[in-house]
Amino acid sequence: RPKEPIFMEKGAENAVFDVPHNFLTDRYRPIGTEVQNRFGMMAEKRIPVQNISIPSLAIPMSLGRNEQFSLFIPRHRRIAGRLIDIFVGVRSVQDLLSVAAYARDRVNPYLFNYALSVAVLHRPDTRDLNIPTFVQIFPDKFIDSQVMTRIREEASIVPERMRMPIVIPKDYTASDLDPEHRLWYFREDIGANLHHWHWHLVYPFEADREDIVRKDRRGELFYYMHEQLVARFNCERFSNDLARVQRFNNLRDPIPEGYFPKMDSLVASRAWPPRFDNTRLSDLNRELDQIKLDVADLERWRDRIFEAIHQGFVIDESGNRVELDEMNGIDILGNLIESSIISLNRQVYGDLHNMGHVFISYAHDPNHRHLESFGVMGDSATAMRDPVFYKWHAYIDDMFQEHKEVLQPYTTDQLGFQGVTISDVNVNTTDFPANTFQTFWQQSDVDLSRGLDFVPRGNVFARFTHLQHAPWTYTININNNASTGRLGTVRIFLGPKFDERGIEMLFRDQRLLMIELDKFVVSLRPGSNTIRRPSINSSVTIPFERTFRDLDSNRPADGTAEEMAFNFCGCGWPHNLLIPKGKPGGLTFELFVMVTDYEQDRVDQDLAGTCNDAVSYCGVRDRLYPDRKPMGFPFDRLPRSGGDRLTTFLTPNMFVREVNIFFTDRTVTRPTIQNAVQPQ
Ligand code: CUO
């Protein structure tokens with residue numbers, strides 16, 4: 001271990017460095033030339049680093065190099081906030097590179113990666129800096145530890161040209177004795193977990209600089225994106241003969257679902273701790289993490305939040321009432337419940353959702369007597385793997401819905417689009433009958449060589465199995481009865497027609513299972529219009545290649561705007577999970593299409609050069625959320641009276657088409673990503 005504090009005391013302000021000479025920490029200084037020869041000779045790229053005064057890294061270095069790092073732990077958040085502040089505060093990109101090169105050898109690798117990623121995302125001058133996809137840097141957060149061992153073996157022993165992809169077994173975390181295990185392909189999907197990690201990177205809830213947190217409608221987006229995760233999970237449950245997820249609403253109850261991650265943390269050199277079936281939450285007293293909190297604290301916060309929702313206002317830090325109105329109520333609640341540093345009153349309403357993650361992730365060792373770190377729920381890159389993630393978020397969502405149910409239902413005026421009607425909607429794939437979707441398994445390869453230290457370089461591929469679907473096109477016929485052209489926003493959702501008992505769903509329940517598939521603007525001529533829209537253009541998803549590609553190897557020479565904004569663009573639901581799995585005999589869903597008046601939805605802003613193709617769940621970088629309607633509209637409120645079924649809810653600018661999703665248990669293999677991916 002380097003003696004960082006002493007090194008700092010010697011006069012950090014005078015410390016200068018120049019890669020590769022001064023990047024060596026004290027431990028390796030005596031053998032510096034040897035190390036430099038070993039790595040320097042093999043380096044493909046050398047980066048000049050300027051001499052600058054180094055800000056104090058004392059706070060970031062207070063987290064051990066091989067500790068686990070969790071955004072949900074308040075102490076870690078404060079440490080990360082300081083490091084982000086340092087990275088954002090230096091004057092130029094060159095200075096950032098220098099500080100980053102210095103910090104990289106000294107601070108915890110997870111912390112370093114998180115703080116640098118947030119900084120790169122939020123500095124105006126770092127749009128042309130790229131960070132490789134997270135799964136390549138920390139594959140241990142996504143992949144079975146047995147596979148990791150085999151990959152290291154392959155990388156160390158087998159010459160590059162003879163290497164074979166190492167196959168990750170299809171379902172390795174549990175057996176079919178556990179019904180929850182049927183959902184492995186969703187919970188453990190690498191792209192879904194990458195999306196969740198990216199989302200929290202783009203919308204951090206803590207930073208020393210408030211502007212990094214205070215983004216347009218961030219609280220509302222926290223609610224909506226996670227509401228959609230739960231809705232999607234429930235659609236997958238119906239596809240697997242499971243009932244909707246039960247909320248974790250009694251914090252004293254045991255959690256029936258255990259989870260055994262079967263992953264090792266490379267940084268901590270420890271296995272991710274499991275949670276046994278029927279574990280209960282306990283009061284936390286972990287000195288190391290500076291957490292002393294009781295389950296009763298969570299309950300108090302929860303009760304105060306419900307009280308605020310029912311009274312229709314929150315009390316801010318100065319004691320003023322702030323109304324939870326139609327416009328801002330959900331956004332205020334999002335920041336309050338998550339909570340983020342822009343919560344109106346953390347003293348009173350606490351930190352419910354984040355600390356829920358912490359309580360669950362420490363349920364196996366609440367007072368640190370076993371010296372164990374947190375489980376997967378403690379990390380946004382791994383939390384979605386655990387069945388309890390959805391129970392917790394179903395509960396959090398229930399609180400948001402409590403507020404939404406207080407609001408007036410939308411009137412037909414608010415829902416309608418004067419003079420515009422949808423006359424027909426169809427879905428077509430190349431090889432199947434109209435209005436059927438097809439899903440199947442696909443195997444794809446991901447290069448993990450970046451995440452493996454001290455092995456000869458070159459690609460090492462892991463081959464993993466994920467859900468995939470046949471692409472389709474929507475054909476939407478829209479009549480515009482006005483004499484002039486109009487602009488419309490097309491909103492497409494999908495929801496199960498029948499519940500877990502096979503009974504046709506009521507709107508009030510079905511609306512909570514409606515998953516967004518796409519949203520886009522169309523120009524409507526007077527008369528009839530036929531709109532064709534391919535599924536790959538979805539505003540919810542990013543293409544498979546963007547989820548996984550390594551920019552260093554696929555980077556266009558000129559650095560296009562699309563390519564430069566990669567890190568933000570890494571946020572987006574994985575395209576392979578756009579629709580639920582369905583069933584071998586077909587599962588019936590309702591495809592809902594609506595067109596609204598763009599003049600009422602529009603947000604005037606310049607979107608040139610920004611990454612804006614996964615806006616539904618991720619927004620647009622540095623811009624306002626590009627749709628003025630409440631997120632989830634029109635399913636975010638209870639129906640008006642008389643509209644208690646989807647069919648009776650419809651106004652002429654809406655259309656419902658019954659569709660079926662057929663799953664076939666066959667596996668197709670995609671060529672390795674390296675060969676398959678072309679820069680766009
Ligand atoms: Cu994303 Cu609980 O917020 O995991």
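Here are some exercises with worked solutions on this predicted model.

**Exercise 1. Get an overview of the chain.**

Task: find how many helices and strands the chain has, what share of its residues is buried, and how its contacts are spread along the sequence.

Solution. Start with the secondary structure, which comes to 26 helices and 18 strands. Next, turn to burial: 46% of the 680 residues count as buried. Finally, take the contacts with a separation of 6 or more; residues 24 or more positions apart account for 76% of them.

**Exercise 2. Explore the largest nonpolar core.**

Task: identify which residues of the largest nonpolar core touch the most other members, and which helix gives the core its largest share.

Solution. The core has 166 residues, and those touching the most other members are Ile 84, Phe 87, Leu 111, Ala 115, Ala 462 and Val 593. The largest share of this core comes from helix α11 (residues 218-239), which supplies eleven residues. Now zoom in on Leu 111. Once its neighbours within four places in sequence are set aside, Leu 111 is in contact with Pro 60, Leu 63, Phe 69, Ile 79, Ala 80 and Leu 83. As general background, nonpolar side chains tend to be buried together in soluble globular proteins.

**Exercise 3. Check helix α7 and find its buried side.**

Task: compare the span of α7 with the expected value, then work out where its buried residues sit around the axis.

Solution. Step one is the length. Helix α7 covers residues 145-157, and its 13 residues should span 18 Å at 1.5 Å a residue; the end C-alpha atoms are 18 Å apart, so the two agree. Step two is burial: Val 147, Met 148, Ile 151, Glu 154 and Ala 155 are the buried residues of α7. These residues cover an arc of only 125° around the axis, and therefore lie on the same side of α7. Step three is the face turned away from that buried side, where the exposed residues Thr 149, Ser 156 and Ile 157 are found. To finish, look at the partners: the buried residues of α7 pack against β1 (166-167), β2 (264-265) and β10 (461-469).

**Exercise 4. Repeat the analysis for helix α4.**

Task: carry out the length and burial checks on α4, and name the helices its buried residues pack against.

Solution. Helix α4 (residues 93-104) has twelve residues and reaches 16 Å from its first C-alpha to its last, close to the 16 Å expected at 1.5 Å a residue. Its buried residues are Leu 96, Ser 98, Val 99, Tyr 102 and Ala 103. Because they cover an arc of only 160° around the axis, they are on the same side of α4. The packing partners of these buried residues are α3 (74-89) and α5 (109-122).

**Exercise 5. Describe how domain 2 meets domain 3.**

Task: locate the domains, then characterise the side of domain 2 that touches domain 3.

Solution. Begin with the bounds: domain 1 is 4-129, domain 2 is 179-404 and domain 3 is 412-674. The C-alpha centres of domain 2 and domain 3 lie 25 Å apart. Across the boundary, 30 residues of domain 2 are in contact with 34 residues of domain 3. On the domain 2 side, α8 (184-187), α9 (190-202) and α11 each supply at least two residues. Of the elements on this side, α11 gives the most, with 13 residues. By residue type, the domain 2 side divides into 15 nonpolar, six polar and nine charged residues.

**Exercise 6. Look for backbone features worth a second glance.**

Task: place the cis peptide bonds at Ser 339 and Pro 634, and the positive phi values of Asp 241 and Lys 262, in the structure.

Solution. For orientation, most residues other than glycine have a negative phi, and most peptide bonds are trans. The bond from Glu 338 to Ser 339 is cis, with omega near -15°, and Ser 339 is in the loop between α13 (329-338) and α14 (346-349). The bond from Phe 633 to Pro 634 is also cis, with omega near 5°; Pro 634 is in the loop between α24 (615-618) and α25 (646-649).

Now for phi. Asp 241 is not a glycine, yet its phi is positive, at about 60°. Lys 262 has a positive phi near 60°. Asp 241 is in the loop between α11 and β2, and Lys 262 is found in the loop between α11 and β2. Asp 241 is exposed because 11 other C-beta atoms lie within 10 Å, whereas Lys 262, with 18, is partly exposed.

Methods. Residues numbered from 1 in each chain as written. Predicted model: local features only at pLDDT ≥ 70, side-chain atom pairs only at ≥ 80, totals over all residues. Core = buried A, V, L, I, M, F, W, Y, C linked by C-beta atoms within 7 Å. Buried ≥ 20, exposed ≤ 12 C-beta atoms within 10 Å, placed from the backbone. Helix = DSSP H or I, 4+ residues; strand = E, 2+ residues; numbered from the N terminus. Contact = placed C-beta atoms within 7 Å. Expected span 1.5 Å × (residues − 1). Arc of directions from axis to C-beta. Domains from an automatic or database assignment. Nonpolar A, V, L, I, M, F, W, Y, C, P; charged D, E, K, R; others polar.
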